[in-house]
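Reader: I'd love a close look at the salt bridges in this model, and at what surrounds them. Could you walk me through them in one go?

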Amino acid sequence: MKKNRTAQMMTNILTVIFVVIFLVLAGRFLYIQATGEVEGVNLDKLADSRRTSSYTIKANRGSIFDRNNMALAQNRATYSLYAIVDPTFSPNPEKVLRHVPKEDVQKTAKALATVLDADAAKLAEAMQKGIDEGKFQVEFGTVGSQLSQQVKNDIDALELPGIQFNEEAKRYYPNGTFASQVIGLAQRDEEGMISGLTGIEAQLDDQLQGEDGSISYQRDKYGTKLLHPEEIIQQAKDGNNVYLTIDQKIQTFLEDAMSQVVKDYNPERITATVVNPKTGEILAMSNRPSYNPNDLGDVENWYNDVVSTPIEPGSTMKSFTVATAIEEGVFNPDEMYQSGRYKIDQIERPVTDYNQSWGTISYLEGVQRSSNVAMSKLVWEKIGPDTFLKYLKAFHFGQKTGIDLPREEAGKILFDYPIEQLTASYGQGTTVTPIQLIQAATAIANDGKMMKPYTIAKIEDAASGEVIKETKPEVVGKPISKETADQVLDILETVVTSEHGTAHNIYNLPDYSVAGKTGTAQIPDPDSPNYMYGHENYIFSFLGMAPKEDPELLMYVTVKQPELEPTESGSAPVSYIFKNVMENSLHYLDIQPDKEKEAKAAPTVFPAVTNQSPTKVKEKLENNGLQVTVIGDGDTVQKSNFAKGDQVVASDHVLLITDHPTMPSIHEWSQRDVLELAELLDLDLETMGNGYVTKQSVKKGTEIKEGTYIMVDFSLPNQDTENEKEKEATDESNEDSDG
C-alpha cells in the first residue's frame, strides 16, 4: 500500500510538471504567434532576411571633361576574381556544377594562371585551404583584383565552374600626366567608395559622388530568385559631370613643351598657365614635377604650385609699378635719370642695377633694361610708398584670388620698412603665387578690368544633361584705366622689340606681336638669411600677352634652377615654353596674325666680307636690314653664302663662316638656309620632313669640320611635331640677370 501511495504521488507530481511545461510552451507559442517576436527579434523580418538577397547599386562617379567634351577623368569598370568552393552551392552537380570541386582545384588553378600570369600553385593552395576550412568562397588578393574587361572575357571563355567576378569601378585618367595637379586624384577608400583627394576631384567631391541605390528580392537557399521574388529596386543617382575651362589641345602644347624643358634642363620646378584675359578662363595649367594619376610610383610633388606656392616674382612685378606710375600721371617715358645705384637716407645699402654702366638713361629705357633703380625712384620720389601700397592691394596682391581649386595660398606684401617698400617695386621680398600675378595681369591685358581666374565651366546632371551650375566671368577690380592699360602694353611691347629690351629677340613670335616682361628672381637660401648665389640659382620667368593690341591670351611661365651651360641664359627654357605654346595656341584658336609681312625693300649690293672682322661685318649688314648669323667664334670671315656684288634684300639670311666654325642653333631655319650652311661647310647632311627645323643632331657650340655628319628634322608649322622642337639658345641680349 505504501509503495502504491508513493507511486501515485510521483505520478501526480510529474503530471503537474508536464502540465506546467505544456502551459508554458503553449503560452510561449501563443505569445510568439500573437506578437511575432522572440527576444525583440521580429520573426517575419528574420525569415524575410534569410530568404531575401539585397545588393547595393553603386552610383557612378561623375566624369570630368575639358571645354570641348573630351574626357579627362572617368570611371572604368574593373573586376575582382573569386572562386566558390562550397559544394552546397551545386544542388544538382550532375547537371550544373556551380562550385570548384576538390578534384578540379589543380586544373582550375592552371587554367587561371595562364590568363593571370600568376603562380598556379599559389592559386590552388588558396582554393584548397578554403575547401579545408569549409569556406563558401575564396578570393585571390592582388593578382585577382582590378582586372580589365579583356582579362575577364578571357577567363569567362575558359568556362570554369565556380569562378565568378565582382564588378567595381576604378577612377581612370585617359591622358595620364595631363593637368594632373588641376584635375586631381580620386581613389577607393576603406568603405569601397571612390573619393576625391586632390584637385577638382577633391574640390567638387560632393558633386561627383552620386547616391547609391539598392535592389532586393526573395530567393531560395541556393541563391536562385523565386518565381515571385517581390523585387524592390531603388535606382542609384549617378554623380554630376564637370566641364572645365581647360582646352585639351592647348594643354597638350603646354605639357609637351614642359616635358622637353625637363629633358633638356632638369629644372627644380616649372609652372606655366595660359588664360583668356577677357574672361579669366584657365585654358591650360601645369607644373613640374608632376605625376601620372594612373600610376602613382614615386610622386615628387602633389601640389599645384600655381595656386599653392608663393614665390618672389622678380622683375615681372615691374609691370605693375609702371602701371601705377602711369595711372597716377607721374610716368614720363622720356625723362632721364641716373641708373646704376640709388641710395636714400632710410636704407643702409643702395639699390643697384644688375649692370651699373648704363649711365643716364630715360625711364622708358629703364623699363626695357629692367632697371631696379628706375622702379625705386618711381615709388619713392614720384608715386609715394603709401599710394603704391594702395595699388598693390588694388591689384589684389596679398590676398587669395578665390580660384576654384583647393589649397590656394596667398602671397604676402612685405612693406613695413623703406627698403621693403623699394624692393617691392621690383619683386623682391614681397611674394605672390603665379595665379595672383596672372589675375593682376588681366587688368593690363583687358582694358583695366581685372578678371577672377576659374577652371570650372559648368556642372551638369549626368542623366538629364541639365546645367546645375555655370560659371560666368567675374570682374573683381579695376585698378587702372583702359588708357593706362594701353600705355603699359605699348611699353611692354618695347621690352620685346627694343634692342635694349631684356626680351629682345628671345620672346618674339613669328606671326604675333608680344607685350611682356622678363623676371629673374633670387631664391632665399634655406641655410642662411641671405639669397642663393650662382648662375642657375634663380627663378626665371616671363609674363607675356599676345597679340599686343588686343591680347587674346596671357601666359606666365616660371622655371626654377634649370641646369644651364656657362654661357647660356635662364631665358632659354622659359622662352622655349612660351614661344611654342603661345604661337601654336593662337593659330589653333584661329586668331588672326597681326604682324604684317614686310614689303620687299629695294635690293642692295653685297659688299666684300672675307678676311674682315665678323663683328664689324655683321653690324654693317644688319644696319642694311639683313638677317645675319655668324658661324663660329673666329677672328675673320672666311666664307659667306653671298658673294661680293650680289643683289640682296632685307628678307635674305646671310651666313658668315669664320676661321673657327662651330655649330649654330638652326631651330626654325628654312630648308634653304640649312642646305646653304651644309654646302658652305661641306657637311654630311641628312634631312627628314619638310618645313622648318625642329631638331638638330649636333648641339650648338660643337666644333664642326668638313664631312661632319648632321641629322636635321623639319616640320610644317602647327603640326604635332612642333611640340618636340629643341630649345633655341640664341640669347644674345644682356638678360643675364634682371633683378
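Author: Happy to. This is a predicted model, and the count of salt bridges in it comes to 20. Let me take a few of them one by one.

A good place to start is Glu201, which pairs with Arg171; their closest N and O atoms are 2.8 Å apart. Glu201 sits in helix H7 (residues 199-203) and Arg171 in strand E7 (residues 163-172), so this salt bridge ties together parts that are 30 residues apart in sequence. Are the two partners buried or exposed? Glu201 has a relative accessibility of 0%, so it counts as buried. Arg171 is buried as well, because its relative accessible area is 5%, and the cut-off for that class is under 20%. The pair also has company: Arg61, Arg171, Glu201 and Asp205 are linked in a network of salt bridges.

Next comes Glu255, whose partner is Arg288, again with 2.8 Å between the closest N and O atoms. Here a helix is tied to a strand: Glu255 belongs to helix H9 (residues 248-265) and Arg288 to strand E14 (residues 282-288), so the parts joined are 33 residues apart in sequence. Both Glu255 and Arg288 are buried.

Arg288 deserves a second look for its backbone. The peptide bond that joins Arg288 to Pro289 is cis, with omega at about 0 degrees. Pro289 itself is found in the loop between E14 and helix H10 (305-308). For context, most peptide bonds are trans.

The third salt bridge to visit is between the side chains of Lys278 and Asp550, at 2.5 Å from N to O. It links distant parts of the chain, 272 residues apart: Lys278 is in the loop between strand E13 (269-275) and E14, while Asp550 is in the loop between strand E24 (538-546) and strand E25 (553-560). How accessible are these two? Lys278 has a relative accessible area of 30%, so it is partly exposed. Asp550 falls in that class too, because its relative accessible area is 42%.

The loop that holds Asp550 has a cis peptide bond to show you as well. Ala546 and Pro547 are joined by it, with omega at about -15 degrees, and Pro547 lies in the loop between E24 and E25.

While we are on the backbone, two residues are worth finding for their phi angles. Most residues other than glycine have a negative phi. Ser370, although not a glycine, has a positive phi of about 65 degrees. Look for Ser370 in the loop between helix H12 (363-369) and helix H13 (372-383); it is buried, because its relative accessible area is 1%. Asp590 is also not a glycine and has a positive phi, of about 60 degrees. Asp590 is placed in the loop between helix H18 (571-588) and strand E26 (604-605), and with a relative accessible area of 69% it is exposed.

Now a contact across the sequence that is given by C-alpha positions. Leu405 and Gln181 are 224 residues apart in sequence, yet their C-alpha atoms are 9.7 Å apart in space. Leu405 is in the loop between helix H14 (385-394) and H15, and its relative accessibility of 4% means that it counts as buried.

Helix H15 leads us on to the second largest pocket, which has a volume of about 990 Å³. Elements that give two or more residues to its lining are strand E17 (351-352), helix H15 (418-423) and strand E23 (515-522). H15 supplies the largest share, 4 residues. In total 30 residues line the pocket, and Arg349, Thr423, Gln428, Gln522 and Tyr531 lie nearest its centre. Sorted by class, the lining comprises 15 nonpolar, 11 polar and 4 charged residues.

To finish, turn to the surface, where you will find a nonpolar patch. Met9, Met10, Ile13, Leu14, Ile17, Phe18, Ile21, Leu25 and Phe29 form it, and together they have about 910 Å² of accessible area. One of them, Ile21, lies in helix H1 (residues 2-35). Ile21 counts as partly exposed because its relative accessibility is 42%.

How values were computed
Residues numbered from 1 in each chain as written. Predicted model: local features only at pLDDT ≥ 70, side-chain atom pairs only at ≥ 80, totals over all residues. Heavy atoms only, no water. 1 Å grid on protein atoms, 1.4 Å probe; cavity = no way out; pocket = protein on both sides within 12 Å on 5 of 7 lines; lining within 4 Å. Points joined across faces, edges and corners; volume = space filled by probe spheres on them. Nonpolar A, V, L, I, M, F, W, Y, C, P; charged D, E, K, R; others polar. Patch = residues over 30% accessible without salt bridge, like charges linked within 9 Å, V, L, I, M, F, W, Y side chains within 5 Å. Areas by Shrake-Rupley, 256 points an atom, 1.4 Å probe, with all protein chains shown as cover. Salt bridge = Lys/Arg side-chain N within 4 Å of Asp/Glu carboxyl O. Buried < 20%, exposed > 50% of the residue type's maximum accessible area, 1.4 Å probe, protein only.
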